[in-house]
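Hello,

Here is the structure you were waiting for. Please open it alongside this message, and then read on for what turned up.

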Amino acid sequence: MKAACYEQFQQPLTLQNLPEPSPADHGVVIKVEASGLCRSDWHGWMGHDPDISLPHVPGHELAGTIAETGKEVRHWKVGDRVTVPFVCACGSCPECATGNQQICDHQTQPGFTHWGSFAEYVALDYGDVNLVSLPESMDYVTAASLGCRFVTSFRAVVDQGRLRPGEWVAVYGCGGVGLSAIMIAKALGAQVVAIDIGEDKLAAARSLGADQLINASVCSSVVEAVKDASQGGVHLSLDALGSPQTCFNSISGLRKRGRHVQIGLMLAEHSRPALPMDIVISRELEILGSHGIQAHRYPEMLGMIASGLLAPEKLVGSKISLTESLTALTDMDSFRGTGVTVIDRFY
């Protein structure tokens, strides 16, 4: 099969012909029809993830059809159209037993714990636990764009953030995660403050309904600007980028008893940021993480998409070939372009 592969961290990827995977008894092999490019893939390529062994094929935001099933798989067959959460759960650990498959004790992640979806085929574990059936009305590019960004934003806003209609929400970083969060928050009746350093990304945020825009690159105090825009501070704040500064600002811009949700990864030298714990205590603030979503939570989100409340296809910024992904991945830290980039041609 054709696949994008790197032999060393922070070194160029190459297009290679690699052996096709075989399914575990409980797993499946997916013929990949589309795969998103995510900043998490860039972190992996940088060497920030200890689970990655070299050589490596990245990619964890995928949609396609089942090409082969293991002998223990009961609920799926060859040809089924599917997607999958980026955390593949075991289905039997204590976390899975309580419905929290997104933090499974024995999780696997395509593109991290094993070869991923920058390839024509990818193997996934525990098919009966993890696969999600795609509606016939949803194309593969849109399904892949749900990836980890849209579904993680959904969980961050709905489940972790507990957003209520009429509340103020701040979204720091208007890439794929942030724009997803804005769309979801507006669908739930919130008022949104969008913060970024790029006018093109802020324009995209406005097109999705953001009520207030703040360009952090020309603002003397982002925290005060957020407070002014939201009449005293936001109820819910989301760091969709993942940096010490955006994390600090996100917490600092909350009103009393507000909720901060950290979505953007903070790895390597950013993994232990300074936090304003004085106001966390005095304002009784909540600090929450958001790590993917469970397969069993997809139906509510897919229902909102089917009803027209959510339109993730609007977040697709560009469609590229597997060959083009070789440089697109390594260039992700430049933050060029808007929306989600999806591989839809495997040559």
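A residue counts as buried under 20% relative accessible area, as exposed over 50%, and as partly exposed in between. Keep those cut-offs at hand. Please also note that this is a predicted model.

**Salt bridges**

Start with Glu 300. Its relative accessible area is 40%, so Glu 300 is partly exposed. Its side chain meets that of Arg 297 in a salt bridge, at 2.7 Å from N to O. Salt bridges with shared partners link these two with Arg 155 and Asp 159 in one network. Arg 297 itself has 16% relative accessibility, so Arg 297 counts as buried.

How many salt bridges are there by this rule? The count comes to 15. Two others are worth a look.

One of them joins Asp 25 and Lys 71, at 4.0 Å from N to O. Asp 25 sits in the loop between strand 2 (14–17) and strand 3, and Lys 71 in the loop between strand 4 and strand 5 (81–83), so the pair ties together parts that are 46 residues apart in sequence. Asp 25 is partly exposed at 36% relative accessibility. Lys 71 is exposed, with a relative accessible area of 64%.

The other pairs Glu 167 with Arg 164. Their closest N and O atoms are 2.9 Å apart. Is Glu 167 buried or exposed? Glu 167 is buried, because its relative accessible area is 5%. Arg 164 is partly exposed at 46%.

**Helix 4 against helix 10**

Glu 300 turns up again here. Helix 4 covers residues 140–160 and helix 10 covers residues 298–307. They pack at an angle of about 100 degrees, and their axes are 11 Å apart. Why call them roughly perpendicular? Angles of 65 to 115 degrees count as roughly perpendicular, so helix 4 and helix 10 qualify. From helix 4, the residues that meet helix 10 are Leu 146, Gly 147, Phe 150, Val 151, Phe 154 and Val 158. Helix 10 brings Tyr 298, Glu 300, Met 301, Leu 302, Met 304 and Ile 305.

**Helix 1**

Helix 1 runs over residues 39–46, and 7 of its 8 residues are buried, so helix 1 is largely enclosed by the rest of the structure. The buried residues are Ser 40, Asp 41, Trp 42, His 43, Gly 44, Trp 45 and Met 46. What covers them? Strand 3 (28–37) and helix 11 (322–330) are included in that cover. Just after helix 1 comes Gly 47, with a positive phi of about 95 degrees.

**Thr 65**

Thr 65 belongs to strand 4, which spans residues 61–69. Thr 65 has a relative accessible area of 15%, so it is buried. Which residues touch it, leaving aside neighbours within four places in sequence? Thr 65 is in contact with Val 29, Ile 30, Lys 31 and Glu 33. Its contacts also include Gly 79, Asp 80, Arg 81 and Tyr 140.

**A nonpolar surface patch**

Last, look at the surface. Leu 275, Met 277 and Ile 287 make a nonpolar patch of about 230 Å². Ile 287 lies in strand 13, residues 286–289. Its relative accessible area is 39%, so Ile 287 is partly exposed.

Best wishes

Conventions: Residues numbered from 1 in each chain as written. Predicted model: local features only at pLDDT ≥ 70, side-chain atom pairs only at ≥ 80, totals over all residues. Heavy atoms only, no water. Patch = residues over 30% accessible without salt bridge, like charges linked within 9 Å, V, L, I, M, F, W, Y side chains within 5 Å. Areas by Shrake-Rupley, 256 points an atom, 1.4 Å probe, with all protein chains shown as cover. Helix = DSSP H or I, 4+ residues; strand = E, 2+ residues; numbered from the N terminus. Buried < 20%, exposed > 50% of the residue type's maximum accessible area, 1.4 Å probe, protein only. Axes fitted to C-alpha atoms, helices over the stretch in contact; angles between N-to-C directions. Parallel < 35°, antiparallel > 145°, perpendicular 65-115°, else oblique. Contact = heavy atoms within 4.5 Å.
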